[in-house]
Amino acid sequence: MQLLNRLETTRSFDGVIDKVQAAILKTPERLRDTLHGVWIGHALHPVLVQVPVGAFISAGVLDLLPGQRRASTVLIAVGTAGVAPAVAAGWTDWSQMTKDKQRVGLVHAAANVAAVGLYTASLVARLRGRSGRALSYAGLSVAGLGAYLGGHISYSRGGGMNQAAPDLNRVPAEWTSVGSLASLPEGKPAVRTVGDIPVLLWREGSSVTAMLERCGHETGPLGEGDVVGTGKDACVVCPWHGSTFRLRDGVVVHGPAANHQPLLRVRVEAGQVEVAQP
């Protein structure tokens, strides 16, 4: 853990990080949205990595059994072929993370490159009639290191997770007033707090939508973001990384966020707007 903490603060990687990030951000927005997983409502990278990881682990098991050489070779070929889309999605997510995550992510990527190189060498050896098992087990070991670093990014630092979701548990389950309906402007988001949780309110006539104000991607302040579109298509754009959410229902329209922005229940009673946990 101390080594990882040191890695997160190592600025010597930042020059490389900035160049790679700039290159990724030049790709079309529609492609980045696809790779972020906007179309399925959660990150795509964890889904895609199941193909190479599953194939490589299965090949490792079959290599321990007699008469399974051909099957394990096919699995290594499938795993190697499945790396490209997983890598594309991973780099796209990485490009919009904070620097501490990006530094660890760069080493995570380097470990995976080494692992794929070993598996490719193993595949070539097998196709030439040699064993290749030592190379594939070496690849599996290095891939395990890459997986450990990826887990640290996701579970220790919250990379790729909906970071707004924990705030839902801190919103009261009972109805709580956030002010009068008349005090809410039309066509402009308003931020109110419920306890210490900021809530973004959007009014359309007598109808009000309430979403958590901290962006689920990296907790950016949606209340400071621009509104694009009009009417039912009006969206708020996070000022930090550009994640775009439809104001009437919290649906994510553009990444890097892949999750919808969490909504609260809303009602208007005696001219007062009240919110509660979903």
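These legends go with several views of one protein, and the model shown is predicted.

**View 1. The whole protein, with its 10 helices and 10 strands.** Start here to get your bearings. The chain has 278 residues, and 42% of them count as buried. Boxed along the principal axes, the C-alpha atoms take up roughly 80 × 40 × 35 Å. Look at contacts between residues at least 6 apart in sequence: 57% of these join residues at least 24 apart.

**View 2. The outside of the protein, with about 13,700 Å² of accessible surface.** Carbon and sulfur atoms account for 60% of that area. As for charge, you can count 26 positive and 21 negative side chains. The centres of those two sets sit 12 Å apart.

**View 3. A nonpolar patch on the surface, built from Val53, Ile57, Val61, Leu64 and Leu65.** Put together, these five side chains' residues offer about 470 Å² of accessible area. Zoom in on Leu65, which sits in the loop linking helix H5 (50-62) and helix H6 (69-81). Is Leu65 buried or exposed? Neither label quite fits: Leu65 is partly exposed, because its relative accessible area is 45%, and partly exposed covers values between the 20% and 50% cut-offs.

**View 4. Val87, a residue of helix H7 (residues 83-94).** Val87 is another one to check for exposure. With a relative accessible area of 37%, Val87 counts as partly exposed. Now find His45 as well: Val87 and His45 are 42 residues apart along the sequence, yet 7.8 Å apart in space, going from C-alpha to C-alpha.

Methods:
Residues numbered from 1 in each chain as written. Predicted model: local features only at pLDDT ≥ 70, side-chain atom pairs only at ≥ 80, totals over all residues. Heavy atoms only, no water. Helix = DSSP H or I, 4+ residues; strand = E, 2+ residues; numbered from the N terminus. Buried < 20%, exposed > 50% of the residue type's maximum accessible area, 1.4 Å probe, protein only. Contact = heavy atoms within 4.5 Å. Areas by Shrake-Rupley, 256 points an atom, 1.4 Å probe, with all protein chains shown as cover. Lys, Arg positive; Asp, Glu negative; His and termini not counted. Charge placed at Lys NZ, Arg CZ, Asp CG, Glu CD. Patch = residues over 30% accessible without salt bridge, like charges linked within 9 Å, V, L, I, M, F, W, Y side chains within 5 Å. Salt bridge = Lys/Arg side-chain N within 4 Å of Asp/Glu carboxyl O.
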